Each structure stands twice: as structure tokens, then as C-alpha cells.
Amino acid sequence: MAVELGVRVVRPRPGTELGVVMRTLLLLLWLATRGSALYFHIGETEKKCFIEEIPDETMVIGNYRTQLYDKQREEYQPATPGLGMFVEVKDPEDKVILARQYGSEGRFTFTSHTPGEHQICLHSNSTKFSLFAGGMLRVHLDIQVGEHANDYAEIAAKDKLSELQLRVRQLVEQVEQIQKEQNYQRWREERFRQTSESTNQRVLWWSILQTLILVAIGVWQMRHLKSFFEAKKLV
Amino acid sequence: MQRPGSALRWAAAAGSWGCRLLVLLLLVPGPGGASEITFELPDNAKQCFYEDIAQGTKCTLEFQVITGGHYDVDCRLEDPDGKVLYKEMKKQYDSFTFTASKNGTYKFCFSNEFSTFTHKTVYFDFQVGEDPPLFPSENRVSALTQMESACVSIHEALKSVIDYQTHFRLREAQGRSRAEDLNTRVAYWSVGEALILLVVSIGQVFLLKSFFSDKRTTTTRVGS
């Protein structure tokens with residue numbers, strides 16, 4: 001659709017403002033088609049949770065955009081300002097590190113301080129229940145972790161880097177992320193090994209205990225029955 | 001209002017070239033991106049995700065079940081007309097690449113409807129087109145220097161390293177989940193077995209006693 005529009009544009013006459021307007025429009029159209037990310041539907045009281053297993057000191061940026069189903073126009077329209085989303089982030093020890101309400105369009109950021117599984121939960125806080133009217137809310141979500149969360153345009157502007165320097169900077173960030181992930185895996189493997197060894201110990205002690213109980217019960221049975229039969233004068 | 005001079009002609013030329021370039025950019029399937037999401041799928045539930053894709057874009061959907069039950073899920077991918085492009089039942093891990101044949105909203109769903117009480121954690125990675133370039137400028141059409149192309153190839157290699165790391169992390173999480181399941185089952189079994197052992201051994205004794213307590217003490221002895 002946008003492609004056909006671009007082809008039909010009349011070449012602007014030199015010096016006229018129409019050329020500038022057309023170019024801006026084309027650029028905006030192109031940018032607009034890039035705006036939509038992955039989306040899903042969420043009910044009114046529904047809570048959707050996402051898990052991010054990340055090493056420590058990793059930044060996570062989440063962008064979301066909501067749309068509400070408009071019954072008259074039978075399509076999804078941008079949600080009214082009254083409709084917001086409540087975002088809750090829990091760290092691996094189930095401690096809440098972010099619990100905030102955002103508007104119909106929001107951006108949340110957090111940095112992990114402990115490695116492990118972080119849980120990001122979203123649910124809507126519709127103030128007027130009639131807004132949903134049995135329909136669903138469409139949520140566009142985009143979660144960027146670690147190196148993907150970096151805004152290179154901003155970094156280039158702030159540190160005044162040339163193109164090559166920016167590329168090298170990106171490589172450095174990627175390698176740092178790989179390093180963090182490796183450290184996290186090493187920590188995980190150590191914990192798993194400790195758990196396995198303690199399980200092994202427990203299984204060993206349990207087996208020994210069970211054998212002893214078995215032998216003890218056998219001995220008790222024999223003695224009990226022997227005394228019983230002796231009392232009954234059968235032996 | 002016409003302004004004379006070569007500067008004007010240069011501006012006009014630049015302007016028209018800029019316009020042509022923008023048209024060119026619109027024709028090219030634009031930079032896509034990847035969405036990597038790990039979510040919880042409750043029992044008897046179905047979760048669908050949608051994405052608007054332009055025609056001719058190469059997309060890859062990859063999913064893996066991390067925790068829950070038999071670590072399997074149903075997956076289904078449909079194009080804007082509802083035609084099923086990919087459908088698999090009870091799969092643990094799979095990867096599917098396709099090229100979008102038409103513009104529109106593509107839908108993919110994960111279903112746990114066959115499971116009655118285990119909820120699952122599913123990871124998926126949906127790659128649409130190429131990653132956005134580092135510079136949102138118009139330099140894409142110009143050639144790269146040797147240094148820049150070296151940087152680009154290192155970047156691609158590191159991306160595949162990160163991809164392998166992600167797969168390793170998921171496998172480790174899955175292995176850990178299986179080990180914890182096993183541990184729980186073994187613990188319950190051991191306690192249950194111990195209880196059964198006690199009940200049976202004590203029961204045996206009392207049952208045996210009951211056989212002899214009905215009869216009188218004057219039972220005939222063998223070989224008296």
C-alpha cells in the first residue's frame with residue numbers, strides 16, 4: 001500500500017515546499033510501518049507474565065503500546081488515556097523490583113542485581129469496566145535485553161563517535177554480554193552440581209536408613225511372633 | 001517563487017534524489033527485527049501472537065518448551081488468509097523458516113489444551129527480515145570499507161555465538177526443571193514406600209495373629 005503511494009508521487013518542482021512535504025510524508029509513512037512490533041490480546045482482568053533469565057547487571061527495556069477494539073468502526077483504535085497497564089517485575093527471589101502503573105503507551109526499564117529468572121507481569125487497570133465491553137485489549141510488546149537495549153544513536157551523539165568507532169563499540173558491548181552470560185552459566189553449573197551432590201548424599205543416607213528399618217522390622221516381627229506362639233503354647 | 005542560480009539546481013537535484021531514495025527504501029522490505037519472548041502457558045490454554053509482515057520478508061519462528069509436563073506444546077502458524085503454514089502437535093523444539101507471500105497479519109499460536117494440570121513455560125524467537133542497521137542513515141547504498149566489513153562479519157559471528165548461548169541456557173533450564181521434577185517424584189515415592197513398608201509389616205503380624213486366635217489352644221500337633 002505504501003509502496004504504491006510512493007510510486008504515484010509527482011516529482012516536486014525545484015524550490016517548491018511541496019517537495020519537502022512529500023519527502024516528510026514518505027519518511028513518516030516508512031517509519032510508521034516499522035512501529036508495530038509483535039502483539040497479543042489480553043482480557044480485562046487477565047495477567048500475562050513473561051520470564052527473562054538474565055545474568056546480573058543486565059539492563060532490560062520493555063516498550064508496549066495498547067489498542068482497544070472499537071465496536072462502531074470494527075477495528076482497533078489507540079486506547080484512551082484512562083486505560084493503563086500495571087507492570088510488575090519480580091527478581092529470582094520473588095522480591096518485587098518494579099511495580100508501577102503506566103499509561104496506554106509505556107516504556108519500563110530495570111537492571112538486574114541478582115542473576116536468574118526475572119518475571120515481568122502485565123495486567124490492565126481499566127477504570128471504566130464498560131470500556132472493554134467483552135472485547136480484548138491489543139498489546140504491542142517489545143522487550144530488549146542487554147546489548148539490544150542500547151540506543152546506539154544516543155551513544156554516538158553523546159560520545160561523538162565516528163561510524164567505525166560506533167561499530168567497534170557495538171562489538172565491545174556484544175562481547176561483554178557474552179562474558180556475562182558465560183559467568184552466569186558457570187554460576188548455574190556450580191549450583192546445579194551442589195544440588196546434585198546433596199541429592200546424592202540424601203539418597204545414600206535414605207537407602208541405608210531404609211535397609212536398617214527393614215532389618216529392624218524383620219527382627220521385631222520374628223520376636224513378636226515367637227513370643228505370641230510361645231504364649232499360645234504352640235512352640 | 002523561483003530563485004536563480006546553480007545552488008537552486010543542486011538543491012533540486014538533491015531533493016529529487018532524496019525523494020527517489022525514499023521511494024527506493026519503501027520498495028525494499030524494511031528492517032525487521034527479532035522478538036524473543038519466554039512466557040507461561042497455563043493448562044488448557046492457548047496463546048496467540050500476531051505480527052504485521054510485508055511481502056517478501058524472510059521470517060523464522062523457533063520455539064522450545066522449557067518447563068512443564070512432558071515438555072511439549074502444539075504450535076500453529078497461519079498467514080493473513082488463514083492458511084496454515086506450519087502445524088505440529090506435541091513438539092518439544094522446532095524451527096521453521098518461511099518467506100511471506102503476502103502483506104498482512106501473520107498469526108502463530110501455542111496450545112496447551114491437551115494438558116489437564118501442567119502449565120508450561122515456552123520460549124520463542126520470531127525473526128522478521130534483517131536486523132535494523134546500526135545507522136538509520138542513507139549510507140546503506142554506499143560500499144563499506146575493509147574495516148567496516150570486518151566489523152560487520154565479527155558482528156554476525158558474535159550474533160551466532162549469542163544465539164548458541166541462548167540455546168545452551170534454555171537446555172540447561174530444561175535439564176534443571178527435569179532434575180527437579182525427578183527429585184520431587186523420588187521424594188514422594190520414597191516416603192510412600194516407607195509408609196507402605198511399615199503398614200504391610202505391622203499388618204502381616206496382626207493378620208497372622210488373628211489366624212491363631214480364633215482356634216482353641218488345643219490344636220493337634222504334627223508328629224506328637
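# Exercises on a predicted two-chain model

In strand β5(B), the residue that stands opposite E78(B) is V84(B). The exercises below concern a predicted model, in which local features need pLDDT of at least 70 and side-chain atom pairs count only at pLDDT 80 or more, while totals for chains, interfaces and linings use all residues. Residues are numbered from 1 along each chain as its sequence is written, chains are lettered from A and ligands numbered from 1 in the order in which they are written, and side-chain values use heavy atoms, with hydrogens and water left out.

## Exercise 1: two hairpins

Describe how β4(B) pairs with β5(B), and then treat β5(A) and β6(A) in the same manner.

*Solution.* Two strands pair if DSSP finds at least two bridges between them, and the elements themselves are DSSP runs numbered from the N terminus, with helices (H or I) of at least four residues and strands (E) of at least two. In chain B, strand β4 (residues 73-78) and strand β5 (residues 84-91) pair in the antiparallel sense over five bridges. Five residues lie between β4(B) and β5(B) in this hairpin, and G82(B) in the turn has a positive phi of about 90°.

In chain A, strand β5 (residues 85-90) and strand β6 (residues 96-102) are likewise antiparallel, with six bridges. Here K90(A) stands opposite V96(A), five residues separate β5(A) from β6(A), and D94(A) in the turn has a positive phi of about 65°.

## Exercise 2: the make-up of each chain

Set out the elements of chain A and of chain B, and then give the buried share of each chain.

*Solution.* Chain A has four helices and nine strands, which run from the N terminus as α-α-β-β-β-β-β-β-β-β-β-α-α. Chain B has two helices and eight strands, in the order α-β-β-β-β-β-β-β-β-α.

Buried stands for under 20% relative accessible area, exposed for over 50%, and partly exposed for the range in between (1.4 Å probe, protein chains only). By this criterion, 37% of the 235 residues in chain A are buried, and 38% of the 224 residues in chain B are buried.

A contact means heavy atoms within 4.5 Å. Among contacts between residues at least 6 apart in sequence, those that join residues at least 24 apart make up 71% in chain A and 77% in chain B.

## Exercise 3: M136(A) and L137(A)

Is M136(A) buried or partly exposed, and which residues is M136(A) in contact with beyond its neighbours within four places in sequence?

*Solution.* M136(A) is found in the loop between β8 (116-124) and β9 (137-145) of chain A. Because its relative accessible area is 34%, M136(A) counts as partly exposed. Beyond those sequence neighbours, the contacts of M136(A) are H41(A), I42(A), G43(A), E46(A), L68(A), Y69(A) and Y76(A). The C-alpha atoms of M136(A) and L68(A) are separated by 7.0 Å, although their positions lie 68 residues apart in the numbering.

L137(A), by contrast, lies in strand β9 of chain A, and has a relative accessibility of 0%, so L137(A) counts as buried. The C-alpha atoms of L137(A) and I42(A), 95 residues apart along the chain, are separated by 5.3 Å.

## Exercise 4: a nonpolar patch and the UniProt spans

Which residues make the nonpolar surface patch of about 800 Å², and which elements give two or more residues to the patch?

*Solution.* Patches are made of residues with over 30% relative accessible area and no salt bridge (a side-chain nitrogen of Lys or Arg within 4 Å of a carboxyl oxygen of Asp or Glu); like charges are joined within 9 Å, and nonpolar side chains (Val, Leu, Ile, Met, Phe, Trp, Tyr) within 5 Å. Areas come from the Shrake-Rupley method with a 1.4 Å probe, and for residues only the protein chains shown count as cover. The patch is made by W206(A), L209(A), I213(A), W220(A), V191(B), L195(B), L198(B), I202(B) and F206(B). The elements that give two or more residues are α4 (163-231) of chain A and α2 (146-214) of chain B, and α2(B) provides the largest share, five residues. One of the patch residues, L195(B), is exposed because its relative accessible area is 55%.

UniProt positions are given in the numbering used here, feature names are shortened, and annotations may be inferred rather than shown by experiment. In unreviewed entries, UniProt lists "transmembrane region" at residues 186-208 of chain B and at residues 20-40 and 203-222 of chain A. Residues 186-208 of chain B are 100% helix and 0% strand, with end C-alpha atoms 32 Å apart, and residues 203-222 of chain A are 100% helix and 0% strand, with end C-alpha atoms 29 Å apart.
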